[in-house]
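Reader: I have a structure open and would like to understand how its parts fit together. May I go through it with you?
Author: Certainly; please show it here and begin wherever you like.

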Amino acid sequence: MLRDPRLLVLLVAGSLTTMAGGVVAPILPEMIQQLNLDPALAGNLVSLHCLTIALFSPPLGIVADRMGHLRVLIPSLILYALFGTAGAFMHSLMPLLVVRGLLGAASGGIAAASLGILGNMYQGEARSQALGYATSTLTIMGIAFPLLGGWVGSFHWQWAFGLYGIGLPLAILAARFLPEKSSPKTKGEVKETGSKLRHVLGRPYTLRLLCTLSLVSIAMYAVVIYAPQYLKQTIDATSVINGIVLASRAIGAAIISAFGAKRLAQRWGRPTTVAIGLGLMALTLSTIPVLHQLGWILVTAVFFGVGFGLVLPTLYGTLANLAPPDLKSSVLAAGTGAGFLGQFISPILLGPVLAFCGLAWVFYAAAIVALLAGLLLFVPKP
């Protein structure tokens with residue numbers, strides 16, 4: 001499967017949603033210093049794209065289903081490159097926020113179209129395997145892009161924005177290897193599709209899956225945002241150690257999502273597999289505040305990644321199975337939007353916990369969120 005050039009193009013294109021924030025995060029202190037930005041407001045440069053991805057993924061998924069996936073994917077890749085690199089030429093906060101928001105909108109189109117193509121290319125267990133590869137790629141790139149952005153930005157912060165230009169060659173590769181099979185729909189078909197989409201998304205079980213994705217993302221992003229602060233506070237960790245810990249989390253998620261999630265879902269069922277994954281996430285989150293040795297912290301990071309790697313591809317596979325072939329982009333895009341909305345909400349929800357209760361309680365709160373997500377799946381179906 002990994003030798004299929006179509007899958008490789010889709011995996012790289014899909015990982016650009018991770019790159020959207022990963023490139024800026026390492027160079028943000030340098031930008032704040034050189035551009036004299038307000039540190040409190042400048043943090044939005046890292047998270048704003050999550051909101052616009054959440055807002056634009058669902059409608060662009062509908063457009064992809066109605067007009068064709070490539071008609072959304074290729075323009076989105078081109079706009080991604082243009083809006084991304086434009087950040088290098090902005091020298092005040094407001095224009096930077098505008099292009100970052102537009103970058104998120106383009107990322108939403110990439111996520112919606114690439115997931116739709118992936119869902120239609122494979123069926124059954126092959127689809128679950130492909131979604132596992134997609135999760136592994138996202139996780140690995142979540143570590144690779146910050147490292148690459150930090151290295152390129154060490155020469156000058158503006159250079160890091162040039163990395164977004166990868167969208168242009170990917171647009172060419174998508175046009176070459178991903179021929180469009182679907183044709184634009186008639187008005188009657190569009191009306192029928194809209195009715196079917198409302199029916200699928202309106203099901204209580206579908207809404208429950210979308211809420212679960214948001215809650216999982218809130219818990220996951222708590223580690224991304226607050227674990228480096230905890231490590232700095234407790235063991236005086238350097239950026240290198242923070243990178244190693246986050247890489248350990250990524251390794252666990254990549255391995256289990258690519259090679260173990262499908263087998264466990266077959267053996268125990270999807271809800272049980274998700275519950276086990278969320279239980280692992282909650283357990284490891286709750287142990288973070290009591291760990292003070294790097295070795296145990298690394299072990300915990302790996303098991304947290306294993307839990308997350310079990311949950312994400314299983315939830316997306318379940319969503320894909322709920323949707324008919326002509327609605328997969330729309331339904332999976334709704335899942336993407338729910339996930340990124342959770343990432344955007346995470347610091348808003350957990351920030352007050354940090355302010356009033358301290359850093360340790362942030363992880364306890366995130367563990368409670370993970371447990372709530374697990375319980376949500378076992379509410380009896382109507």
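Reader: Which residues does Thr17 touch, not counting those up to four places away in sequence?
Author: In this predicted model, Thr17 touches His49, Ile53, Ser107, Ala111, Leu138 and Phe340. The C-alpha atoms of Thr17 and Ala111 are separated by 7.0 Å, although the two residues are 94 residues apart along the chain.

Reader: Where is Thr17 found, and is it buried or exposed?
Author: Thr17 is found in helix α1. It counts as buried because its relative accessible area is 6%, and buried means under 20%.

Reader: Which backbone oxygen lies 2.9 Å from a polar atom of the Thr17 side chain?
Author: That oxygen belongs to Gly14. A similar description applies to Ser15, which also lies in helix α1: a polar atom of the Ser15 side chain is 2.6 Å from the backbone oxygen of Val12.

Reader: And what surrounds Ser15?
Author: Setting aside residues up to four places away in sequence, Ser15 touches Thr137, Leu138, Met141 and Phe145. With a relative accessible area of 1%, Ser15 is buried. Leu138 is thus a contact of Ser15 and of Thr17.

Reader: How many residues of α1 are buried?
Author: The count is 13 of its 18 residues, so helix α1 is mostly covered.

Reader: Where does α1 bend, and by how much?
Author: The bend is at Leu16 and amounts to about 35°. As for its span, α1 covers residues 5-22, and its end C-alpha atoms are 25 Å apart. This agrees with expectation, because 18 residues at 1.5 Å a residue should span 26 Å.

Reader: What span does α17 have?
Author: Helix α17, residues 359-376, also has its expected value given as 26 Å, and it reaches 26 Å from its first C-alpha to its last. The buried residues of α17 include Leu359, Val362, Phe363, Val369 and Ala370.

Reader: Let us change topic. Which residues touch the most other members of the largest nonpolar core?
Author: They are Val216, Leu278, Met281, Leu285 and Leu315, in a core of 57 residues. The elements giving two or more residues to this core are α4, α10, α11, α14, α15, α16 and α17. Helix α11 provides the largest share, with 14 residues.

Reader: Why would such residues gather like that?
Author: As a general tendency, nonpolar side chains in soluble globular proteins tend to be buried together.

Reader: What is Met281 in contact with, leaving aside its neighbours within four places in sequence?
Author: Met281 is in contact with Val216, Ala219, Met220, Phe304, Gly307, Phe308, Val311 and Ala370. One of these, Ala370, is a buried residue of α17. Apart from the core just described lies another, of 50 residues, and among them are Leu103, Ala113, Val152 and Trp157.

Reader: How about Leu294: where is its place, and what does it contact?
Author: Leu294 has its place in helix α15. Leaving aside its neighbours within four places in sequence, Leu294 is in contact with Ile235, Ile241 and Val245. The C-alpha atoms of Leu294 and Leu231 are separated by 9.0 Å, and these two residues are 63 residues apart along the chain. Leu294 counts as partly exposed because its relative accessibility is 34%, which lies between the limits of 20% and 50%.

Reader: What about cysteines: how many disulfides does the count give?
Author: The count comes to 0 disulfides. Cys50 is buried, at 0% relative accessibility, whereas Cys357 is partly exposed, with a relative accessible area of 48%.

Reader: Which residue other than glycine has a positive phi near 55°?
Author: Asn36 has that value. It is found in the loop between α2 and α3. Asn36 counts as exposed because its relative accessibility is 69%, and the cut-off is over 50%.

Reader: To finish, how many helices and strands does the chain have?
Author: The chain has 17 helices and 0 strands. Buried residues make up 53% of its 382 residues. Among contacts between residues at least 6 apart in sequence, 85% join residues at least 24 apart. Thr17 and Phe340, with which we began, are in contact.

Definitions and conventions. Residues are numbered from 1 along each chain as its sequence is written. This is a predicted model: local features need pLDDT of at least 70, side-chain atom pairs count only at pLDDT 80 or more; totals for chains, interfaces and linings use all residues. Side-chain values use heavy atoms; hydrogens and water are left out. Helices (H or I, at least four residues) and strands (E, at least two) are DSSP runs, numbered from the N terminus. The expected span of a helix is 1.5 Å times one less than its number of residues. Buried means under 20% relative accessible area, exposed over 50%, partly exposed in between (1.4 Å probe, protein chains only). The bend at a residue is the angle between axes fitted to the seven residues ending there and the seven starting there. A polar contact is a pair of N or O atoms within 3.5 Å; within protein, one must be able to donate a hydrogen and the other to accept it, and residues adjacent in sequence count only if both atoms are side-chain atoms. Contact means heavy atoms within 4.5 Å. A nonpolar core is a set of buried Ala, Val, Leu, Ile, Met, Phe, Trp, Tyr and Cys residues joined through side-chain atoms within 4.5 Å. A disulfide is a pair of cysteine sulfur atoms within 2.5 Å.
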